[in-house]
Amino acid sequence: MADEQSSIDPYKFLKIVPNPDGSLTRLAPLPIAPPTESIPADSDPNSSQLVLSKDIPLDPKSKTSLRLFKPHNLPPNPNPNLPLLIYIHGGGFIICSATSQLFHHFCSRLALSIPALVLSVEYRLAPEHRLPAAYDDAVSAITWLKNQASSADGDSWLKNSVDFSKCFIMGTSAGSNIAYHAALRAADTDLSPIKIRGLILHQAYFGGVNRTESEIRLVNDRVLPLVANDLMWALSLPEGVDRDHEYCNPCINGGDGRIRRLPWCLVSGYGGDPLVDRQKDIAALLESRGVHVTARFEEGGFHGAEFDNKAEALYEIVKEFIGSCCAHGGDDVVVAKSTID
């Protein structure tokens, strides 16, 4: 097998140590960024580049929360009209946080670039909480948003800025996997008065027992080597199942029957990502089920390139997709724009 040719120790690579009770010791967690709920004293209060943020408890029992991002200096508007993105971070289900500097700064720039309010989900990590725990937490975030939209006493940032008929679910890497499964569940639910207009899957984290060409070609990838990828799935999936479980392989047995009820989808990635073939497969599956798909795949790049030199390009792609969804109302049947090849 391709993964047996690797000399990489996946535990050392991921900087994790397994404990006897099944939990992990994470040796090098990413630095944390505190929320910025008010304008810093050393900042220009009239700057158009400021983004405020605050933390909101979601489920104290599960220790989950939300971090809400709002561009500062929004023009007064008696009719709130900004879209809202529910964002779900990556980390192979086992590391990272919505409060990690990497994702905090990404969400800040995303909110500013669109502009939009961004609601980042602090979900439970595996293996302490194996899948579907993260899916449950993402659905709880959607339910929280529905309740906020229905309440006269809802959060003031949302009430004064957001058009709840313009909501989107977005994930990067493992966050895309979570976003996909949360969207499938949401498809069975009356979410009014909010409306999910679109689903954004960037460098979606899916897998399977049989190796793809890109996985074999990039077996020792510097960002996501196959042995590390396999370990993250082993730590995240329900015990006793393999990588052809539906949580990992969405194409197994023809895919979930709820796919046809998904909103418009943006599926994006890079040719230098070992998972790019999986991402093209999910785009093709969605399209085959009648979902409006915008597929954007670029040559080169690597897994996580949106946190390096591909950030601004991704913001523009997301902004364009959101604008298109809102302009068309999200209900029209149109020919999908696709560049899957």
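This briefing covers a β-sheet, its strand β5 and the helices packed around them. The model is predicted. Its open sheet has eight strands with mixed pairing. Strand β5 (residues 82–88) has seven of its seven residues buried, so it is largely enclosed by the rest of the structure.

**The sheet**
- The strand order is β3-β4-β6-β5-β7-β8-β9-β10.
- β3 (51–59) and β10 (293–298) are the edge strands, and each pairs on one side only.
- From one strand to the next, the twist averages 20°.
- In general, strands of a sheet pair through backbone hydrogen bonds, either parallel or antiparallel.

**Strand β5: burial**
- Both faces of β5 are covered.
- On one side, Leu82, Leu84, Ile86 and Ile88 are buried.
- On the other side, Pro83, Leu85 and Tyr87 are buried.

**Strand β5: neighbours**
- β5 runs parallel to strand β7 (residues 162–172), and six bridges join the two.
- Tyr87 of β5 stands opposite Met170 in β7.
- β5 also pairs with strand β6 (residues 117–122) in the parallel sense, over four bridges.
- Ile86 of β5 stands opposite Leu119 in β6.
- β5, helix α2 (residues 101–113) and β6 form a right-handed β-α-β unit.

**Strands β8 and β9**
- Strand β8 (residues 196–202) and strand β9 (residues 264–270) run parallel, joined by five bridges.
- Leu199 has Cys265 in β9 as its bridge partner.

**Helices on the sheet**
- Helix α3 (residues 133–150) packs on the sheet and touches β3, β4 (64–71), β5, β6 and β7.
- The direction of α3 makes about 110° with that of β3.
- Helix α5 (residues 174–186) lies across β5, β7 and β8.
- α5 runs at about 130° to β7.

**The α2/α9 pair**
- α2 packs with helix α9 (residues 311–328) at an angle of about 45°.
- Their axes are 10 Å apart.
- The two helices are therefore oblique to each other.
- α2 passes α9 in a right-handed crossing.
- From α2, the contact is made by Phe106, Arg109, Leu110 and Ser113.
- From α9, Glu312, Leu314, Tyr315, Val318 and Lys319 take part in the contact.

Notes
Residues numbered from 1 in each chain as written. Predicted model: local features only at pLDDT ≥ 70, side-chain atom pairs only at ≥ 80, totals over all residues. Heavy atoms only, no water. Buried < 20%, exposed > 50% of the residue type's maximum accessible area, 1.4 Å probe, protein only. Pairing = 2+ DSSP bridges. Right-handed = clockwise from strand over helix to strand, strands pointing away. Axes fitted to C-alpha atoms, helices over the stretch in contact; angles between N-to-C directions. Parallel < 35°, antiparallel > 145°, perpendicular 65-115°, else oblique. Left-handed = near helix turned anticlockwise from the far one by under 90°. Contact = heavy atoms within 4.5 Å.
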